[in-house]
Amino acid sequence: EVETVTITTEDDIALNAEYYKRGSTAVLYTHHIATTRSGPFDLTSNAPYTWTLANSGYTVLAPDLRGHGQSEGDIHVNRTKQDMTALHQFLVDEGFETIVSFNVWGSAPMAVNAQVSDDTIDFDGMALLFTPLARNGNDLVTDLPNVTVPVWIVQSDFGSTGGVPKRLAPYTPNL
């Protein structure tokens, strides 16, 4: 069973999210941040993976980031960090002590930057799926050395991001 929830950010943006409350570990699963070249993305982009995690016993919060899907606001990656703060706080308020982030493509550099620059965000682990090295001013080479939790980088071995893990490994102390 999935619940639709609305989570309000510090700057009063209402975020739509699907909430699968299952186990004692929470997963915040963010989709790619749309660009003019990539087209639209929202929480439905990750639906098969969200269901897999939920059916495996994890609690999953799958939001539409600002300006995507049914959430308010305009797409702006640096303000999306406020989304991460609100979404993480929602899971803390729900009582979860173990929170892991799964971040797809363009949301991955933003999530890592939010982890290292926002004292209120304290993920217990981060999975970066098909991440670019940098996106919209967020640079993994700069931010990853400051991450103190385990990081998993999941990539395919082809396409424009195929060589990312090799390039990031020296900068990722907890890989």
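In this predicted model, a search of the whole structure returned three salt bridges. One of them is formed by the side chains of D11 and R66, with a nitrogen-to-oxygen distance of 2.9 Å. The two residues come from distant parts of the chain: D11 sits in the loop between β1 and β2, R66 sits in the loop between β4 and α2 (77–93), and 55 residues separate them. The partners differ in their exposure to solvent. D11 has a relative accessible area of 30% and is therefore classed as partly exposed, whereas R66, at 3% relative accessibility, counts as buried.

R66 also takes part in a salt bridge with D83, in which the side chains meet at 2.8 Å, N to O. Because D83 belongs to helix α2 and R66 to the loop between β4 and α2, this contact ties together parts that are 17 residues apart in sequence. Both D83 and R66 are buried. Through shared partners, the salt bridges join D11, R66 and D83 into one network.

Another salt bridge connects the side chains of E94 and K21, at 3.4 Å from N to O. Here too the pair links distant parts of the chain, with E94 in the loop between α2 and β5 and K21 in the loop between β2 and β3, 73 residues apart. E94 has a relative accessibility of 33%, so this residue counts as partly exposed.

The strands that flank several of these loops belong to a sheet. This sheet is open and contains seven strands in the order β1-β2-β4-β3-β5-β6-β9, with mixed pairing. Its edge strands, each paired on one side only, are β1 (3–8) and β9 (151–154). Direction ignored, neighbouring strands of the sheet are turned against each other by 20 degrees on average.

Within the sheet, strand β4 (residues 59–63) is mostly covered, five of its five residues being buried. In a regular strand, side chains alternate between the two faces of the sheet. In β4 both faces are covered: T59, L61 and P63 are buried on one side, and V60 and A62 are buried on the other.

The pairing of β4 was examined with each of two strands. Strand β2 (residues 14–20) runs antiparallel to β4 and is joined to β4 by four bridges. In this pairing, Y19 stands opposite L61 of β4. Strand β3 (residues 25–30) pairs with β4 in the parallel sense, over three bridges. A26 has T59 as its bridge partner in β4. Elsewhere in the sheet, strands β5 (residues 98–104) and β6 (residues 125–129) run parallel and are joined by five bridges. One position of this pairing is V104, whose bridge partner in β6 is L129.

Aromatic contacts were considered next. The count comes to four aromatic pairs. Among them is the pair of Y19 and F90, which is edge-to-face, with 5.1 Å centre to centre and 80 degrees between the planes. This pair brings together strand β2, which holds Y19, and helix α2, which holds F90, across a separation of 71 residues. Y19 has a relative accessible area of 3% and is therefore buried. F90, with a relative accessible area of 17%, is also buried, because the limit for that class is under 20%.

Y29 and F102 form an aromatic pair that is tilted, with 5.5 Å centre to centre and 40 degrees between the planes. The pair again links distant parts of the chain, as Y29 lies in strand β3 and F102 in strand β5, 73 residues apart. Y29, at 4% relative accessibility, counts as buried. F102 has a relative accessibility of 21% and therefore counts as partly exposed.

Y19 thus appears in two of the contexts described: Y19 stands opposite L61 in β4, and the ring of Y19 pairs with that of F90 in helix α2. Helix α2 likewise contributes D83 to the salt bridge with R66.

Notes:
Residues numbered from 1 in each chain as written. Predicted model: local features only at pLDDT ≥ 70, side-chain atom pairs only at ≥ 80, totals over all residues. Heavy atoms only, no water. Pairing = 2+ DSSP bridges. Axes fitted to C-alpha atoms, helices over the stretch in contact; angles between N-to-C directions. Buried < 20%, exposed > 50% of the residue type's maximum accessible area, 1.4 Å probe, protein only. Salt bridge = Lys/Arg side-chain N within 4 Å of Asp/Glu carboxyl O. Phe/Tyr/Trp six-rings, centres within 6.5 Å; stacked < 30°, edge-to-face > 60°.
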